[in-house]
Amino acid sequence: MDIADLHIHTTASDGLLTPTEVVEWAIIKKVRAIGITDHDNVKGINEAIYASLHLNIEIIPGIELNCQYLDEEVHILGYFI
């Protein structure tokens, strides 16, 4: 069975790993697709795509937008941006 993780943060926002390290970790864990969804920016996407060029993994470019609705924090995920 193929595994995907569509909600990953890198050091481009509040993640612990760089985009390259995220790709490397996903390969070790045999994940076939990852969504790079940093908070409010897309700075990690190009690095992740570059790191994956010769590997068997799909990078899904995304973002997590933080906003307020009725005094509540809401996180909206967008994919294939």
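In strand S2, Ile-36 is the bridge partner of Ile-8. The model described here is predicted. Strand S1, residues 4-8, and S2 run parallel and are joined by 3 bridges. The residues of S2 are arranged on two sides: Ala-33 and Gly-35 point one way, while Ile-34 and Ile-36 point the other way, and all are buried. This arrangement follows a general pattern: in a regular strand the side chains alternate between the two faces of the sheet.

**The loop between S2 and H2**

Strand S2 (33-36) and helix H2 (45-51) are linked by a loop that holds Asn-41. His-39 also lies in the loop between S2 and H2.

Asn-41 counts as buried because its relative accessibility is 13%, and buried means under 20%. A polar atom of the Asn-41 side chain lies 3.0 Å from the backbone oxygen of Ala-12. The side chain of Asn-41 also reaches the backbone nitrogen of Lys-43, at 2.8 Å. Leaving aside residues up to four places away in sequence, Asn-41 touches Ala-12, Ser-13 and Ile-63. Ala-12 thus appears both as a residue touched by Asn-41 and as the owner of the backbone oxygen that lies 3.0 Å from the Asn-41 side chain.

His-39 is buried because its relative accessible area is 17%, which is to be read against the cut-off of under 20%. The side chains of His-39 and Asp-14 are joined by a polar contact of 3.4 Å. With residues up to four places away in sequence left out, the residues touched by His-39 are His-9, Ser-13, Asp-14, Glu-64, Asn-66 and His-75. Ser-13 is touched by His-39 and also by Asn-41.

**The loop between H1 and S2**

On the other side of S2 in the sequence, Lys-30 is found in the loop between helix H1 (19-28) and S2. Val-31 is placed in the loop between H1 and S2 as well. Lys-30 counts as exposed because its relative accessibility is 65%, whereas Val-31 is buried, with a relative accessible area of 12%. Val-31 touches Ile-3, Ala-4, Asp-5, Ala-26 and Ile-57, not counting residues up to four places away in sequence. The C-alpha atom of Val-31 is separated by 17 Å from that of Gly-62, a residue 31 places from Val-31 along the chain.

**Positive phi values**

Most residues other than glycine have a negative phi. Lys-30, which is not a glycine, has a positive phi near 65°. Leu-70, also a residue other than glycine, has a positive phi of about 50°. Leu-70 lies in the loop between strand S3 (58-69) and S4, and it counts as exposed because its relative accessibility is 64%.

**Nonpolar surface patch**

Leu-6, Leu-77, Tyr-79 and Phe-80 form a nonpolar patch on the surface, and their accessible area together is about 370 Å². One of these residues, Phe-80, is found in the segment after strand S4 (72-79). Phe-80 counts as exposed because its relative accessibility is 59%, and exposed means over 50%.

The table lists relative accessibility for the residues described above.

| Residue | Relative accessibility | Class |
|---|---|---|
| Val-31 | 12% | buried |
| Asn-41 | 13% | buried |
| His-39 | 17% | buried |
| Phe-80 | 59% | exposed |
| Leu-70 | 64% | exposed |
| Lys-30 | 65% | exposed |

Note on methods:
Residues are numbered from 1 along each chain as its sequence is written. This is a predicted model: local features need pLDDT of at least 70, side-chain atom pairs count only at pLDDT 80 or more; totals for chains, interfaces and linings use all residues. Side-chain values use heavy atoms; hydrogens and water are left out. Patches are made of residues with over 30% relative accessible area and no salt bridge: like charges are joined within 9 Å, nonpolar side chains (Val, Leu, Ile, Met, Phe, Trp, Tyr) within 5 Å. Accessible areas come from the Shrake-Rupley method with a 1.4 Å probe; for residues, only the protein chains shown count as cover. A salt bridge is a side-chain nitrogen of Lys or Arg within 4 Å of a carboxyl oxygen of Asp or Glu. Helices (H or I, at least four residues) and strands (E, at least two) are DSSP runs, numbered from the N terminus. Buried means under 20% relative accessible area, exposed over 50%, partly exposed in between (1.4 Å probe, protein chains only). A polar contact is a pair of N or O atoms within 3.5 Å; within protein, one must be able to donate a hydrogen and the other to accept it, and residues adjacent in sequence count only if both atoms are side-chain atoms. Contact means heavy atoms within 4.5 Å. Two strands pair if DSSP finds at least two bridges between them.
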